Amino acid sequence: MGPTGLPSMGFWLVSITERELARETVRAWNDWAHSEILGKQQRIITPACVSTADVEDAVAEVERVAELGFQSVFLPCQTRPGEEYALDRWEPLWTAAERAGLTLGFHIGTGGENVVFRGPGGAVVNYMETTYPGMRVVSHMVAGGALDRHPDLKILIAEGGAGWVPAIGDRMDEAYRQHGMFVRPKLSRLPSEIIRQQVYASFQHDKSSVEIVESTGYRNVMWGDDYPHLEGTYGHTQSTLHELFDGVSADVRERVTRGTFDELFRLPERTPQEAAV
């Protein structure tokens, strides 16, 4: 279970293509998460898993887990060919998630092959390859109109950094404006406006993820330590926090470390002692 509540043990359930097996497996995982995690404490917010083998089953599970008190749903960044998130096949799921008030959490490195190069620099190249599909989720759900049609739906791209988010908003605005004669569907807002209102991103070490909050005004940024994974901050969390936030305004520090999370998820009220930390 990651610090942003994403279901590490459930990541690969999305690879199941047999409908009945997928439906029953995610249901079992969600029942376990509810009884062993959500039902025993109020500080770790695990998302639900849903079937990607059948959208109707995914909708039914969204409705069920919302009744159980889940606040988010995990989806993979990469889809099977012909099932991209811009396509209408997902529309019932977006409708159900919006109606239930559930955040959609897309974790980088999920849903497809991450090792694409074994030559010089392969470790870094392949780490970068985990990030690109997260960007693709945003471009598909924005340009395809899913987020425009569902203005109360929020998505989180987890652990892929955040410095790129306003940049791709600019790039998408340019495409929407300069290539407007080719653009379908037409949107009620510019892509960058949709991104700023509905797209969130989390990071561990990226200095640019803090800098963009002040320099661009994009505030949907959330820090996480990603314990205990290799790319996390375990063993050097305090030094990392000082590197990221020393000299940063209190407003930005509060927003990135707490405010964004509180905007997406509900937690019990902090005690005076916790609030002072």
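1. Start with helix 2, residues 55–68, in this predicted model. Does its length add up, or is it off? At 1.5 Å a residue, its 14 residues should span 20 Å, and the end C-alpha atoms are indeed 20 Å apart, so the two values agree.

2. Now look at how helix 2 begins and what follows it. D54 caps the N-terminal end, with a side-chain oxygen 3.0 Å from the backbone nitrogen of E56. Just after the helix comes G69, which takes a positive phi of about 105°.

3. Which residues of helix 2 are buried? They are V55, D57, A58, V59, E61, V62, R64 and V65, so you'll find charged names such as D57, E61 and R64 on that list as well as the valines. An α-helix has 3.6 residues a turn, so residues three or four places apart point the same way. Keep that in mind when you trace the list on the model. As for partners, the buried residues of helix 2 pack against helix 1 (19–38), strand 1 (48–49), strand 2 and helix 3.

4. Next, the sheet. It is an open one, made of 6 strands in the order 1-2-3-4-5-6, and the pairing is parallel. Strand 1 and strand 6 (221–223) are the edge strands, each pairing on one side only.

5. Strand 3, residues 103–107, is a good place to step into that sheet. Is it mostly covered or mostly open? Mostly covered: 5 of its 5 residues are buried. T103, G105 and H107 point one way, L104 and F106 point the other way, and all are buried.

6. Which strands does strand 3 pair with? On the one hand there is strand 2 (residues 72–76), joined to strand 3 in the parallel sense over 5 bridges. On the other there is strand 4 (residues 155–158), also parallel, over 4 bridges. Strand 4 in turn pairs with strand 5 (residues 199–203), again in the parallel sense, over 3 bridges.

7. You can follow a row of residues across these strands. L75 stands opposite F106 in strand 3, F106 stands opposite I157 in strand 4, and I157 stands opposite A201 in strand 5. Try picking out these residues on the model.

8. How do strand 2 and strand 3 connect? Together with helix 3 (residues 91–100), they make a right-handed β-α-β unit. Helix 3 also turns up in point 3, as one of the elements that the buried residues of helix 2 pack against.

9. On cysteines: a search of the whole structure finds 0 disulfides. C49 is in none, and the nearest cysteine sulfur, that of C77, is 14 Å away. Seen from C77, the closest cysteine sulfur is the one in C49, and at 14 Å it is too far for a bond. Are these two buried or exposed? C49 has a relative accessible area of 2%, so it counts as buried, and C77 is buried too, at 6%.

10. Last, a loop residue. P185 sits in the loop between helix 7 (165–178) and helix 8 (191–198). Its relative accessibility is 33%, so it counts as partly exposed. What does P185 touch, leaving aside residues up to four places away in sequence? The list is A143, G144, G145 and Y176. Take G145: it is 40 residues from P185 in sequence, yet the two C-alpha atoms are 6.7 Å apart in space.

How values were computed. Residues are numbered from 1 along each chain as its sequence is written. This is a predicted model: local features need pLDDT of at least 70, side-chain atom pairs count only at pLDDT 80 or more; totals for chains, interfaces and linings use all residues. Side-chain values use heavy atoms; hydrogens and water are left out. Buried means under 20% relative accessible area, exposed over 50%, partly exposed in between (1.4 Å probe, protein chains only). Helices (H or I, at least four residues) and strands (E, at least two) are DSSP runs, numbered from the N terminus. Two strands pair if DSSP finds at least two bridges between them. A crossover is right-handed if, with the strands pointing away from the viewer, the path from the first strand over the helix to the second runs clockwise. The expected span of a helix is 1.5 Å times one less than its number of residues. Contact means heavy atoms within 4.5 Å. A polar contact is a pair of N or O atoms within 3.5 Å; within protein, one must be able to donate a hydrogen and the other to accept it, and residues adjacent in sequence count only if both atoms are side-chain atoms. A disulfide is a pair of cysteine sulfur atoms within 2.5 Å.
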